[in-house]
Amino acid sequence: MLLVPALAQAADAISGEVKRQPLNWSAIVMFFIFVLATLGITYWAARRTRSAKDFYAAGGGITGLQNGLAIAGDYMSAASFLGISAMVFEKGYDGLIYSMGFLVGWPIILFLIAERLRNLGKYTFADVASYRLSQTPVRSFAALGTLVVVAVYLIAQMVGAGKLIQLLFGMNYTSAVLLVGILMVMYVTFGGMLATTWVQIVKAVLLLAGATFMAFMVLQHAGFSFENLFKQATEVHSKHLAIMSPGGLVSNPIDAISLGMALMLGTAGLPHILMRFFTVADAREARKSVFYATGFIGYFYILTFIIGFGAIMLVLNQPGMMETVVKEGKPVTQLIGGNNMAAIHLAEAVGGNLFLGFISAVAFATILAVVAGLALSGASAVSHDLYASVFKKGQAKEADEIRVSKITTVVLGLVAIVLGIAFEKQNIAFMVGLAFSIAASANFPVLFLSMFWRGLTTRGAVIGGLVGLICAVSLIVVGPTVWVDVLKHKEALFPYKNPALFSMTLAFLTTWLFSVTDGSARAEQDKQGFAAQFVRAMTGIGASGASKH
């Protein structure tokens, strides 16, 4: 969900001060219809969740198409839906460049990671990272990396939920955060991965259907001519033809490269995305999952581009949709609720109040799907990686492991609610960027090298991963996004908004250095285990199959 300037720009759709809207009853009714339907799914899933494999990986019985839709549901966020369309509405062509940035990580996952991940792992990416390395230190680090990414991402989601409710429904911020937290805990605690998967599938289908209808109606207004759409948009936009010029959002090449690295490789390190590959039966279905997900996500971001230009054509300067506000002592005319409401106003323009209610409900339902996936990956890090594998040394009973996971989910829900309320006034964009940067700097190097480099040792993986994690967090804090924008210092200690180029490079170098200089008996054992790991990664011999229900 959210998503790094592109990610930060998208996250800005639901950050900062928002203006509470009048109660939107059609949206509230449709939202509660969705909630009831998904609670029904959770009840159905709970009756079929009997083992740890059922709880963590939906029994491994999800098809490639279903998993592709679920991954898309996990990835297509409310912030990207509202934020990218708002960016196109404001900046024009640059919005397309940024929206395509969300896609570039998927070929890497398709060709390098998905198949090997499914063959080597069981429930979490720590299963893969620690396959031939010492279990306790590597799983402890992997669980820490997972929990940090999940916590940061969850805060952004919870704050985003409250802001969206104020924007779309007219409900109270605290009530919205409580509602999301309670529903998240119910989905995960009772239904596990099976319920979470189907919530994500339903949300993805609804979001794709709604966005398709909006894009179709925009094109119909433009006579199904892109030339006509762009012509009308440039005529009414204050920047005119300048909105068709690319490159206005990237201030310097270092930030651009760093952003690209975070987008590409951060996706391949997000624990709740990686966990989805264990829900399918085999490596073939894992590849199909990424293929379908890439298609759905790419299609969605093309739709947001049409929606953004459609909003310029049909919403900008229209009576009843604009308001005058005072910014820095000057009157400014903007969309009611700000530019982040471009897609919502367009929904009303092309489909009336009923469709406005539908899109508003889907935008909020989007957050529920994402937080459920995040909570499950965080819970599995505690129950599977720490409790079962580190504390119990692989001797934990399945029932105890699931119980720990459910307790962790409740705790995560409470923490998410408290932090969501505490961070209400903060700009959430830096948290979103931080989540991707941490995933690219801490999780991805260890995961990648564990699968592809014979020389990786336990010492190198743990030290390198921790260096990447600490470096990414530190550089974000002393960079412009936090040091200047949040802490209000005059000048940042680190000049770039995106640390991935530096923190990820340092993580790889540190991992390499501490591996090649490791002459211990454990290091020799780590290297000797690579051949057997490679055979299983390529063939799937020994990989677990789907549960039989």
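A residue is called partly exposed when its relative accessible area falls between the buried class, under 20%, and the exposed class, over 50%. K288, at 29% relative accessibility, therefore counts as partly exposed. The model in which K288 sits is a predicted one.

The overall form comes next. The secondary structure of the protein comprises 22 helices and two strands. Its radius of gyration is 23 Å, close to the 24 Å that the globule rule gives for 549 residues, so the protein is as compact as a globular protein of that length. Along the principal axes, the C-alpha atoms fill a box of roughly 75 × 50 × 45 Å. Of the 549 residues, 60% are buried. The protein exposes about 20000 Å², and 66% of this area is supplied by carbon and sulfur atoms.

Helix α11 gives an example of how burial is arranged. This helix spans residues 226-236, and its buried residues are L229, A233 and T234. They cover an arc of only 120° around the axis, which puts them on the same side of α11. The partners of these buried residues are α10 (173-221) and α14 (283-314), against which they pack.

Helix α14 also takes part in salt bridges, of which the structure holds eight. One of them joins the side chains of E115 and R287, with an N to O distance of 2.9 Å. E115 belongs to helix α7 (residues 105-120) and R287 to helix α14, so this pair ties together parts that are 172 residues apart in sequence. Both ends are partly exposed: E115 has a relative accessibility of 25%, and R287 has a relative accessible area of 32%.

K288 has its own salt bridge, formed with the side chain of E285 at 3.2 Å, N to O. Here both residues lie in helix α14, three residues apart, about one turn of the helix. The two ends fall into separate classes of exposure, since E285 is buried with a relative accessible area of 13%, whereas K288 is partly exposed at 29%.

A further pair within one helix is found in α21 (residues 521-528), where D526 and R522 are four residues apart and thus separated by about one helical turn. The closest N and O atoms of their salt bridge are 2.8 Å apart. D526 is buried, because its relative accessibility of 0% is under the 20% limit. R522, at 28%, counts as partly exposed. Elsewhere, D127, R139 and D385 are linked in a network of salt bridges.

Another link between remote parts of the sequence involves A151, which has its place in helix α9 (residues 135-168). A151 and A375 are 224 residues apart in sequence, yet their C-alpha atoms are 9.0 Å apart in space. With a relative accessibility of 32%, A151 is partly exposed.

The last feature is on the surface. I407, V411 and V415 form a nonpolar patch there, and together they have about 250 Å² of accessible area. Of this patch, V415 is found in helix α16 (residues 398-422). The relative accessibility of V415 is 39%, so this residue counts as partly exposed.

Notes. Residues numbered from 1 in each chain as written. Predicted model: local features only at pLDDT ≥ 70, side-chain atom pairs only at ≥ 80, totals over all residues. Heavy atoms only, no water. Buried < 20%, exposed > 50% of the residue type's maximum accessible area, 1.4 Å probe, protein only. Arc of directions from axis to C-beta. Contact = heavy atoms within 4.5 Å. Patch = residues over 30% accessible without salt bridge, like charges linked within 9 Å, V, L, I, M, F, W, Y side chains within 5 Å. Areas by Shrake-Rupley, 256 points an atom, 1.4 Å probe, with all protein chains shown as cover. Salt bridge = Lys/Arg side-chain N within 4 Å of Asp/Glu carboxyl O. Rg over C-alpha atoms; globule rule 2.2 N^0.38 Å.
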